[in-house]
Amino acid sequence: MTLRNDVPDVPVTMDIIISKLYASLVKSVYEQFGDEGVNKVEQGVQALLDEQLNDLNKRSSHSYKQLDERARYSIPHLANASEVKETHRAYEQIQKEAGIEPFTIYAMMAKLFAHIAKAVVDRFDEDGRQAIREGVRHFGEARGQDIARRAAAKGLPNTAENYLTNYDMGRSDLFEFETTYHPKEIEQTFTVCAFGDQWKKDGTGEHGILYCQMIDPSIAKGYNRNFDVLHDRYVLKEGDCHFRFQMKEDESN
């Protein structure tokens with residue numbers, strides 16, 4: 001189904017989300033550190049490629065000297081959403097043929113982000129953390145603007161009530177959450193998060209938290225500049241994520 005203004009009434013696919021997140025991180029790191037920063041991003045991507053091959057050899061009884069190019073989360077593939085989709089499909093098939101449980105595309109996004117963030121932070125320390133946060137902020141605000149467009153395509157204003165019902169990313173069974181609507185705020189608690197759980201398994205929460213700290217407040221601000229999000233508990237720290245979404249008095253853009 002397509003609504004007026006050519007806004008599709010379907011969730012944005014994870015391949016699109018991954019490609020846009022990658023592009024936003026590259027842009028932010030380049031603006032802060034130039035070519036040296038981009039080189040660190042590339043190192044992060046290479047670390048992911050190394051992990052893909054090492055994991056296959058570790059979890060399966062087969063011996064792999066290299067991974068099929070189609071299944072590699074390489075830079076040329078990350079630059080294009082359709083390529084991300086085909087890459088994940090090929091990687092998933094190889095894992096199944098090896099007799100191991102495939103990583104979900106949510107897990108691969110978490111791994112990609114953590115490797116890039118680690119490479120940048122290891123080199124640039126706190127300035128690197130800030131560059132990664134800025135990349136997530138721009139990515140999140142763009143998503144929020146898209147959510148506002150999705151609502152507008154249905155003739156709905158960008159109020160708090162129309163935020164979650166027009167949210168861009170679909171919620172798979174890999175996320176478990178509860179939403180409560182109060183008179184002046186929306187409260188959400190996530191007990192299971194595909195991203196946070198993967199960072200915990202991989203021991204990369206130090207870098208994954210940079211995404212968690214920025215993403216929801218940034219999406220909300222992109223949706224409506226008067227929309228605030230209090231994120232006071234994290235899966236990576238307290239074991240669950242707790243959000244309070246609050247709209248200031250002036251709900252218009």
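## Close-up views of a predicted model

**View 1. Asp 125, a partly exposed residue.** With a relative accessibility of 49%, Asp 125 counts as partly exposed, because that class ends at 50%. This and every other view shows a predicted model. Asp 125 has its place in helix α4. Its phi is near 55°. That is a positive value, in a residue other than glycine. Most residues other than glycine have a negative phi.

**View 2. Helix α4 and its bend.** Helix α4 covers residues 105-153. A straight helix of 49 residues would span 72 Å at 1.5 Å a residue. The end C-alpha atoms of α4 span only 29 Å. A bend of about 140° lies at Phe 124. Past the helix, look for Gly 155, which follows α4. The phi of Gly 155 is positive, near 80°.

**View 3. Helix α1 against helix α4.** Helix α1 takes in residues 14-59. The axes of α1 and α4 are 5 Å apart. They pack at an angle of about 165°. The pair is therefore roughly antiparallel, since angles over 145 degrees fall in that class. The crossing of the two helices is right-handed. In the contact of α1 with α4, 26 residues are nonpolar. Another eleven are polar, and nine are charged.

**View 4. Helix α4 against helix α6.** The axes of these two helices come within 7 Å. They cross at roughly 25°. That angle makes α4 roughly parallel to α6, because the class holds angles under 35 degrees. Helix α4 passes α6 in a right-handed crossing. By class, the contact has 16 nonpolar residues. Eight polar and seven charged residues complete the division.

**View 5. Helix α6, its span and its bend.** Helix α6 runs over residues 205-223, which is 19 residues. At 1.5 Å a residue, these should span 27 Å. The end C-alpha atoms are 27 Å apart, so the span agrees with the expected value. Even so, α6 bends by about 30° at Ile 215. A proline, Pro 217, follows within four residues. The helix is mostly covered, with 14 of its 19 residues buried.

**View 6. Helix α4 against helix α5.** Helix α5 holds residues 194-202. The axes of α4 and α5 come within 8 Å. Their crossing angle is roughly 60°. This makes α4 oblique to α5. The crossing is right-handed.

**View 7. Phe 177 and Cys 193.** Phe 177 has its place in strand β3, residues 176-181. Its relative accessible area is 36%, so Phe 177 is partly exposed. Cys 193 is 16 residues from Phe 177 in sequence. In space, the two residues are 8.6 Å apart, C-alpha to C-alpha.

**View 8. Arg 72 and Leu 53.** Arg 72 lies in the loop between α1 and α2 (75-78). With a relative accessible area of 22%, Arg 72 is partly exposed, because buried means under 20%. Arg 72 and Leu 53 are 19 residues apart in sequence. Their C-alpha atoms are 9.1 Å apart in space.

Definitions and conventions
Residues numbered from 1 in each chain as written. Predicted model: local features only at pLDDT ≥ 70, side-chain atom pairs only at ≥ 80, totals over all residues. Heavy atoms only, no water. Expected span 1.5 Å × (residues − 1). Bend = angle between axes of the 7 residues up to and from the residue. Buried < 20%, exposed > 50% of the residue type's maximum accessible area, 1.4 Å probe, protein only. Axes fitted to C-alpha atoms, helices over the stretch in contact; angles between N-to-C directions. Parallel < 35°, antiparallel > 145°, perpendicular 65-115°, else oblique. Left-handed = near helix turned anticlockwise from the far one by under 90°. Nonpolar A, V, L, I, M, F, W, Y, C, P; charged D, E, K, R; others polar.
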